[in-house]
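Here's a short set of exercises to work through with the coordinates open. Try each task yourself before reading the solution.

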Amino acid sequence: MLQCSKKKKSIVAIKKLKKDWIYKSHFIKNPIFPGSLQIEAMLQASVLLIYILEKNSKNPILITKTLSNFYGKISGTGKLTIKSKIVQNKKGMIAVKASIFFLNKKKISDGSFTFINPNKSFLLK
């Protein structure tokens, strides 16, 4: 984690990609950092943000919806910047938007994620 703003309900996390994160067999003769791992990185940053703001990491947070977009590929080593922001937190339902930038410049992917806190959600009572 690089920075977290409770006021802005946002977090910026950094992942340094090394050669072992680039999958040579993902596409033949076109090694990349897979999209599924990009989604996982956005989800981990988002859950960390939720736990920091909720001040209680003992309660589970369940993912109920994901939507992701990919705009380019990550085919080399370097720094990923993951930005995540809570856009809605109401009755135990938490909506988050996240983005990944490669080498601090180009947006590679983004996603919208919906989580529920089972202890606060009206859906599970």
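**Exercise 1. A backbone angle in a hairpin**

Task: In the hairpin of strand 5 and strand 6, find which residue takes a positive phi.

Solution. One note before we start: the model is predicted.
- Step 1: strand 5 covers residues 93-102, and strand 6 covers residues 106-116.
- Step 2: the hairpin has 3 residues between the strands, and Leu103 takes the positive phi, near 55 degrees.
- Step 3: for context, most residues other than glycine have a negative phi.

**Exercise 2. More positive phi values**

Task: Locate Lys9 and Lys91, and say how covered each one is.

Solution.
- Step 1: Lys9 sits in the loop between strand 1 (3-5) and strand 2 (10-17). These two strands form a hairpin with 4 residues between them, and they pair in the antiparallel sense over 3 bridges. Cys4 has Ile11 in strand 2 as its bridge partner.
- Step 2: phi of Lys9 is about 55 degrees, so a positive value, although Lys9 is not a glycine. With a relative accessible area of 39%, Lys9 is partly exposed.
- Step 3: Lys91 belongs to the loop between strand 4 and strand 5. Phi of Lys91 is positive too, near 55 degrees.
- Step 4: Lys91 is exposed, because its relative accessible area is 59% and the cut-off for exposed is over 50%.

**Exercise 3. Following strand 6 and its partners**

Task: Work out which strands pair with strand 6, taking strand 3 and strand 5 in turn, and decide whether strand 6 is mostly covered or mostly open.

Solution.
- Step 1: strand 3 (residues 62-70) runs antiparallel to strand 6, with 8 bridges joining them. Opposite Ser68 in this pairing you'll find Gly111 of strand 6.
- Step 2: strand 5 also pairs with strand 6 in the antiparallel sense, over 10 bridges. Here Ser99 has Asp110 as its bridge partner.
- Step 3: strand 6 is mostly covered, with 8 of its 11 residues buried.
- Step 4: take a look at Ser99, which lies in strand 5. Ser99 is buried, with a relative accessible area of 14%. Its C-alpha atom is separated by 5.8 Å from that of Ile82, although the two are 17 residues apart along the chain.

**Exercise 4. The salt bridge**

Task: How many salt bridges does the structure hold, and which side chains meet in a salt bridge?

Solution.
- Step 1: the count is 1 salt bridge.
- Step 2: it links the side chains of Lys107 and Asp110, at 3.2 Å from N to O. That passes the cut-off of within 4 Å.
- Step 3: side chains of opposite charge can pair when their charged atoms come close.
- Step 4: now check the cover. Lys107 is partly exposed at 34% relative accessible area, whereas Asp110 is buried at 12%.

**Exercise 5. A charged patch**

Task: Which residues form a positive surface patch, and where does Lys85 lie?

Solution.
- Step 1: the patch is made by Lys7, Lys8, Lys9 and Lys85.
- Step 2: Lys85 lies in strand 4 (residues 78-90).
- Step 3: patch members need over 30% relative accessible area. Lys85 has 39% and is partly exposed; Lys9 has 39% as well.
- Step 4: strand 4 has a pairing to note. Strand 2 and strand 4 run antiparallel, joined by 8 bridges, and Val12 stands opposite Lys83 in strand 4.

Methods
Residues are numbered from 1 along each chain as its sequence is written. This is a predicted model: local features need pLDDT of at least 70, side-chain atom pairs count only at pLDDT 80 or more; totals for chains, interfaces and linings use all residues. Side-chain values use heavy atoms; hydrogens and water are left out. Patches are made of residues with over 30% relative accessible area and no salt bridge: like charges are joined within 9 Å, nonpolar side chains (Val, Leu, Ile, Met, Phe, Trp, Tyr) within 5 Å. Accessible areas come from the Shrake-Rupley method with a 1.4 Å probe; for residues, only the protein chains shown count as cover. Lys and Arg count as positive and Asp and Glu as negative; His and the chain ends are not counted. The place of a charge is taken as NZ of Lys, CZ of Arg, CG of Asp or CD of Glu. Buried means under 20% relative accessible area, exposed over 50%, partly exposed in between (1.4 Å probe, protein chains only). Two strands pair if DSSP finds at least two bridges between them.
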